[in-house]
Amino acid sequence: MGITSCLLLTRPAVAAAPVTPAEQSGIEQKASYGSEPARAVANALLWPFRLMIDLVFLTTGTAGALLQDEQIVPRAKDFFFTSGGEIGVFPTLFVETGTSPNIGARMIASIEPYAATLRAGYGGDDENVVEGRMRLSLSLGVPAAASLEGLHDRRTGLGYRGLGQTPEVDGRNQFRNGPGAGSFRERRERVVAGFGLRPLADLEILLSSSLTQRHIADPVDPDFAPTIDQTFFPGSIVGASRTTRIVYSELAVRADTRVNRNGVATGFLLEGYGGLARGSLGDPSRFGRTGFQMAAFVPFVRRSTVLSPKIVVDALVPGDGEIPFTEYTGQPTFRGFDNRRDFVSAVASLDYRWFLGRFLDARLFTDVATVAPAMSDIHLDHLRWAVGFGFDLHTSSSELGRIAVAASPEGVHFLFTLGVPAGFGDRQHRD
């Protein structure tokens, strides 16, 4: 070590040769290539997408660390629930593009084998909701439960574009002044009784029956013009400007091999259902419903990330009576704008979902959707699509909140819910 140091210190200095400006040009000026202008344009175009991806990873990493390290969900439960966990009261929030924010509270009481919840939310004189649900666990040799629930809500600024994937050229729609969406407000009351049992670990059988009363009227706010009667010829829209009362009963069978219905879990889901609807108290409505959904939850690269392809098909079967326009099959599982109705709906989606923390997952998704008068009329022309990303907050048994942003040719759709469960796959709670 000492010899080396001595040699370095005593090495004679050598005079450096002068460097000409020509030899310095490779240092003072960056090398240029013919493709530089194209790369600069590409970088400028891709900058928003790179920024969005950076923000997604930054926010998901921060949120995941917060939930994992600080245990937000248990702390929230300790704050909103009694010491024994039997009764809790916590805030609810629902915000969606095209609607007014709805803020409220939910109370939950759970003393086995009984559980109940009561929720109220307010977003304006014509934007409010009150609902209550009761559930009783039963001992029948297999897991079983009976439930009863009631709902009252008012909504305004709802839109109806007519039937078909492209309503503006569908001959079934009788427009007065050219194609457009007619707005309306709705007051709804609903009572649902249900019974479910699980004869096998992955198999559920669900029976339910509901009575739903809807009153359709024109919006009070002039900002929601034109109305249905101003958009369509009077009398051409069944159920407009009157009250409908419909009893709907359904049998559904569901096989779900996931060990956890909330959060990142692998397995598959297969569900089929059929139901009959009949008007009550003089209502002439008569129709049936049937459909299925299939989904796979496949580990991708590692078990904490799941790739999930899914398809949902719903169909309305005409009877010998009327079909109110609000009962035509919609597309609540499409994460763009649910504004197409017809006899048959098909929605296909692909989700990439990954684990962020014990109670938080993130997802990237894409949906394609179409409606048609019959299964044989489903075509790939004029498919609607949406792509986006979101986050799911949950416990091991229920969903707590969801945030999602989806972009489509019709615009950007934003959804944020807290304490309001999603109605995915549940016909009794669909609009």
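User: How many salt bridges does the count come to?

Analyst: This is a predicted model, in which local features need pLDDT of at least 70, side-chain atom pairs count only at pLDDT 80 or more, and totals for chains, interfaces and linings use all residues. Residues are numbered from 1 along each chain as its sequence is written, and side-chain values use heavy atoms, with hydrogens and water left out. A salt bridge is defined as a side-chain nitrogen of Lys or Arg within 4 Å of a carboxyl oxygen of Asp or Glu. By this rule the count is 30 salt bridges.

User: How many residues apart in sequence are the parts that glutamate 186 and arginine 155 tie together?

Analyst: Glutamate 186 and arginine 155 form a salt bridge, with their closest N and O atoms 2.6 Å apart. Strands (E, at least two residues) are DSSP runs, numbered from the N terminus. Glutamate 186 is in strand 6 (residues 182–200) and arginine 155 is in strand 5 (residues 143–160), so the parts tied together are apart in sequence by 31 residues.

User: Is aspartate 351, which pairs with arginine 363, buried or exposed?

Analyst: The side chains of aspartate 351 and arginine 363 meet in a salt bridge at 2.4 Å, N to O. Buried means under 20% relative accessible area, exposed over 50%, and partly exposed in between (1.4 Å probe, protein chains only). Aspartate 351 has a relative accessible area of 2%, so aspartate 351 is buried.

User: Where does glutamate 410 lie?

Analyst: Glutamate 410 meets arginine 384 in a salt bridge (2.7 Å, N to O). Arginine 384 lies in strand 14 (residues 384–394), so the pair ties together parts that are 26 residues apart in sequence. Glutamate 410 itself lies in the loop between strand 15 (399–408) and strand 16 (411–418).

User: Which strand gives the most to the largest nonpolar core?

Analyst: A nonpolar core is a set of buried Ala, Val, Leu, Ile, Met, Phe, Trp, Tyr and Cys residues joined through side-chain atoms within 4.5 Å. The largest has 22 residues, of which Tyr160, Ile228, Ile237 and Phe325 touch the most other members. Strand 8 (243–256), strand 9 (267–279) and strand 11 (302–318) each supply at least two residues. The most, three residues, comes from strand 8.

User: Which residues does isoleucine 228 touch?

Analyst: Contact means heavy atoms within 4.5 Å. Residues up to four places away in sequence are not counted. With these left out, isoleucine 228 touches Tyr160, Gly182, Ser183, Phe184, Ile237, Ala240 and Phe325.

Terms used: Helices (H or I, at least four residues) and strands (E, at least two) are DSSP runs, numbered from the N terminus.
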